[in-house]
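Please look at the sequence and the structure shown below, and keep both in view while reading. The report that follows takes up a pair of helices and then some backbone features.

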Amino acid sequence: MQRREFLQGSALAAATLMGSLPLSAIAGSAKGKVVVIGGGYGGATAAKYIRLFSKGRVEVTLIEPNAQFVSCPMSNLVVGGVRQIQEITNPYTGLTKHHGVKIVQDYAVGIDPDKRLVKLKQGKTLPYDKLVLAPGIDLMHNSIEGLDAANATGATIQAWKAGPDTVALHKQIAAMRDGGNFIISIPLAPYRCPPGPYERASLVANYLKQHKPKSKVIILDANPDVTSKGKLFKAVWESQYKGILEYRGNHKVTGVDAATKTVKFEFEEPVQGEVLNLLPDMRAGKLAVDLGVANLNGRWAEVNYQTFESKVMPHVHVIGDSIQVAPLMPKSGHMANSHAKVAAAAIVSQLSGWEPNPAPLLNNTCYSYINPKEVIHVASVHAYNAEKKTFLTVEGSGGVSTGPTELEGQYAWSWAQNIWADTLV
């Protein structure tokens, strides 16, 4: 699929999220101010589509501390030495140039829900009629004893938010002695994916196979088994990385010794490695937790799935990785992009005095590279069920690859180019 076709199809599909009412009728009456916090797949898409759906009548301000968008999907290719960080980095300028989104490069540090004001780190405040909160995830370092100290010395790196740490992790792998172990630990689900841990392990194994054949990848998974595309990954590990990659389920990491690079567990024997990629438990982004919007066990935000409005804070719509997901809904970049379009349609409808679409749809595709050329995928469609007030997967939708192919590798990179354009251009 070419970029133009993807964008036209995406815009047409997104327009149906407005429901049965003509888009022109809703857009013509829309007015107000929307502030979007977070410029990832969810926030940037929401900013763009609120402007599109309202035909530019709703004022949108995007608060994002980073000058450029760095994609978590495809970032494992950088970790595995296949691509450079510049290849997965894009500017935010298209949102302003093509859609009139105002971009403020700053941190949001709080909100006043009564006065509907966002407080910025640099001291300014921004008023809003509707707020979109897309803060991503926060890593719960205290779930692994000693992790903060290990991170401080560089003994461990997570690289779960794409950027400088992604490059730093690859450099550690490249500098590793031939014969050293690369250890990646995986927390209990749910967690942000991508960057997918099994994909990362596969690409690192591919790198070691070529450059450090005496080395090994050890996967320490707190889950009892591979949580996504399990049969496919296991078949690949057996056929392509036998003797290089070792998978251990039910291995929840409880601690790390930075000095000896030893990984500890509650019951199993400790394991030593040369490069440690330890991933702690995850929760909603810090701002959502601080605001009390992450109301479910202090970890995830409960939302009204029809509009993505917070269940505990009116006029605040939470999207992306921070929410308590519906059944079989992944915390992926593509899913955040889908959340954003449903939320954008609902917000424009509400600002126009109309009821939101009673039956929104979401779609998702997650591609995983198992080497630089071959890819596997899983896809799904999710429909809002008014009776159960949640999203349910549509029977027969989506599916899983039968096996890795180079053709899917071409599709995966085209998907990335297309969704970056859909989010940012």
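In this predicted model, helix H8 (residues 197–211) and helix H9 (residues 230–240) pack at an angle of about 10°, and their axes lie 11 Å apart. Angles under 35 degrees count as roughly parallel, and H8 and H9 are therefore described as roughly parallel to each other. On the side of H8, the contact is made by Tyr-198, Glu-199, Ser-202 and Lys-209, while H9 contributes Phe-233, Trp-237 and Gln-240. Sorted by character, the residues of this contact between H8 and H9 divide into three nonpolar, two polar and two charged.

How far does H8 reach from its first C-alpha to its last? With 15 residues, helix H8 spans 21 Å between these two atoms, which is close to the 21 Å expected at 1.5 Å a residue. Twelve of the 15 residues of H8 are buried, so this helix is largely enclosed by the rest of the structure. The buried residues of H8 include Tyr-198, Glu-199 and Ser-202, and these three also take part in the contact with H9. Also among the buried residues of H8 are Pro-197, Arg-200, Ala-201 and Leu-203.

The loop between strand S11 (181–186) and H8 holds Pro-194, and Pro-195 is found in the loop between S11 and H8 as well. A cis peptide bond joins Cys-193 and Pro-194, with omega of about 10°. The peptide bond that leads from Pro-194 to Pro-195 is cis too, and its omega is near 5°.

Another backbone feature concerns the angle phi, which has a positive value in Asn-297 although this residue is not a glycine; His-315, likewise a residue other than glycine, has a positive phi. The table sets out the values for these residues.

| Residue | Phi | Relative accessible area |
|---|---|---|
| Asn-297 | about 55° | 71% |
| His-315 | near 70° | 25% |

Where in the chain is Asn-297 found? Asn-297 lies in the loop between helix H10 (286–291) and strand S19 (303–304). His-315, for its part, belongs to the loop between strand S20 (309–310) and strand S21 (316–318). Exposed means over 50% relative accessible area, and Asn-297, with a value of 71%, is therefore exposed. His-315, with a relative accessible area of 25%, is partly exposed, because this term covers values between the 20% limit for buried residues and the 50% limit for exposed ones.

How values were computed:
Residues are numbered from 1 along each chain as its sequence is written. This is a predicted model: local features need pLDDT of at least 70, side-chain atom pairs count only at pLDDT 80 or more; totals for chains, interfaces and linings use all residues. Side-chain values use heavy atoms; hydrogens and water are left out. Helices (H or I, at least four residues) and strands (E, at least two) are DSSP runs, numbered from the N terminus. The expected span of a helix is 1.5 Å times one less than its number of residues. Buried means under 20% relative accessible area, exposed over 50%, partly exposed in between (1.4 Å probe, protein chains only). Axes are lines fitted to C-alpha atoms, for helices over the stretch in contact, and angles run from 0 to 180 degrees between N-to-C directions. Angles under 35 degrees count as roughly parallel, over 145 as roughly antiparallel, 65 to 115 as roughly perpendicular and the rest as oblique. Contact means heavy atoms within 4.5 Å. Ala, Val, Leu, Ile, Met, Phe, Trp, Tyr, Cys and Pro count as nonpolar, Asp, Glu, Lys and Arg as charged, and the others, Gly among them, as polar.
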